[in-house]
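Work through the exercises below with the sequence and the coordinates at hand. Each task is followed by a solution in steps.

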Amino acid sequence: VDIMTIHLLGGKAMIKAASQSAKKEAEILGITPPKIVGVTVLTSLGQDDLVDVGIGKALKDEVISLAKLASECGLDGIVCSPADLESVRPNIPKDFLVITPGIRPVGAAKGDQERIATPRGAIDAGADLLVIGRPIKDAPDPIEAARKIAEEMA
C-alpha cells in the first residue's frame with residue numbers, strides 16, 4: 001500500500017492515531033510507511049448535504065478547516081474536490097499531496113458527482129494526483145477513454 005485514506009471528520013485523535021499506527025507498523029515490518037491522506041468533503045456532497053449532516057459551515061470553509069487539520073496532525077496530504085483546489089492550496093504546505101476525485105473528461109456525464117472538473121482543469125488548479133474511475137471503467141473502450149484523457153491532460 002502506497003497511499004491510505006482516512007476521513008478527517010473522524011477528528012484529531014483518530015487522525016493522529018492512524019498516522020502513528022501506520023508508521024509504527026511499517027517500522028515493525030521493515031517497509032516504507034504508506035502516505036496517509038485525509039478525505040475532506042466528498043465530491044458527491046453539496047452545501048445542502050452538509051446541513052443535512054449537521055455541519056453549519058459554508059462548504060468551502062469546512063474543506064479549508066479539514067485541510068488545515070490534516071496538515072497540523074502530520075498527514076501527508078488530502079483528498080479534495082477539484083472545486084475546492086483554488087481555496088485550499090493557499091492554506092496548506094506547498095509539498096502537501098492533493099488527490100482529486102470527481103474528474104470528468106470533456107463531454108463525460110457528471111453522474112452522482114456534485115463538484116467536478118476536467119483533468120486539465122484539476123491539474124491547472126493544483127491537483128497532484130487525479131482519481132478517474134467511471135469515465136474509464138464505464139466507457140465502451142476503456143483503453144481509448146484513458147488515451148483521450150491522457151491527451152486532454154497533456
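**Exercise 1.** Locate arginine 147 and glutamate 144 in the secondary structure and describe how their side chains pair.

Solution. Step 1: both residues belong to helix H7 (residues 142–153), where they are 3 residues apart, about one turn of the helix. Helices here are DSSP runs of H or I with at least four residues, strands are runs of E with at least two, and both are numbered from the N terminus. Step 2: the two side chains form a salt bridge with an N to O distance of 2.2 Å; the criterion is a side-chain nitrogen of Lys or Arg within 4 Å of a carboxyl oxygen of Asp or Glu. Step 3: the pair is part of a salt-bridge network that links Glu144, Arg147 and Glu151. Step 4: arginine 147 is partly exposed at 37% relative accessibility, and glutamate 144 is partly exposed at 26%. The classes are buried under 20% relative accessible area, exposed over 50% and partly exposed in between, with a 1.4 Å probe and protein chains only.

The model is predicted: local features need pLDDT of at least 70 and side-chain atom pairs pLDDT 80 or more, while totals for chains, interfaces and linings use all residues. Residues are numbered from 1 along each chain as its sequence is written, and side-chain values use heavy atoms, without hydrogens and water.

**Exercise 2.** Count the salt bridges and examine the pairs of lysine 57 and of aspartate 128.

Solution. Step 1: the rule yields 8 salt bridges. Step 2: lysine 57 pairs with glutamate 62 at 3.8 Å, N to O. Lysine 57 is partly exposed, at 37% relative accessible area, whereas glutamate 62 is buried, at 8%. Step 3: aspartate 128 pairs with arginine 89 at 2.7 Å, N to O. Aspartate 128 sits in the loop between helix H5 (119–125) and E5, and arginine 89 in the loop between helix H4 (85–88) and E4, so this pair ties together parts that are 39 residues apart in sequence. Aspartate 128 is partly exposed, with a relative accessible area of 41%.

**Exercise 3.** Derive the strand order of the sheet and explain why strands E1 and E5 each have one side without a neighbour.

Solution. Step 1: the sheet is open, with 5 strands in the order E1-E2-E3-E4-E5 and parallel pairing; two strands count as paired if DSSP finds at least two bridges between them. Step 2: E1 (3–7) and E5 (129–130) are the edge strands with a single partner each, so one side of each has no neighbour in the sheet. Step 3: E4 (residues 97–100) and E5 run parallel and are joined by 2 bridges, and isoleucine 99 stands opposite leucine 129 in E5.

**Exercise 4.** Describe the surroundings of isoleucine 64.

Solution. Step 1: isoleucine 64 is in helix H3 (residues 59–72) and is buried, at 13% relative accessible area. Step 2: apart from neighbours within four places in sequence, isoleucine 64 contacts Ser87, Val88 and Asn91, a contact being heavy atoms within 4.5 Å. Step 3: isoleucine 64 and valine 88 are 24 residues apart in sequence, yet their C-alpha atoms are 5.5 Å apart.

**Exercise 5.** Summarise the fold of the protein.

Solution. Step 1: the secondary structure comprises 7 helices and 5 strands. Step 2: from the N terminus the elements follow the order β-α-β-α-α-β-α-β-α-β-α-α. Step 3: buried residues account for 40% of the 154 residues.
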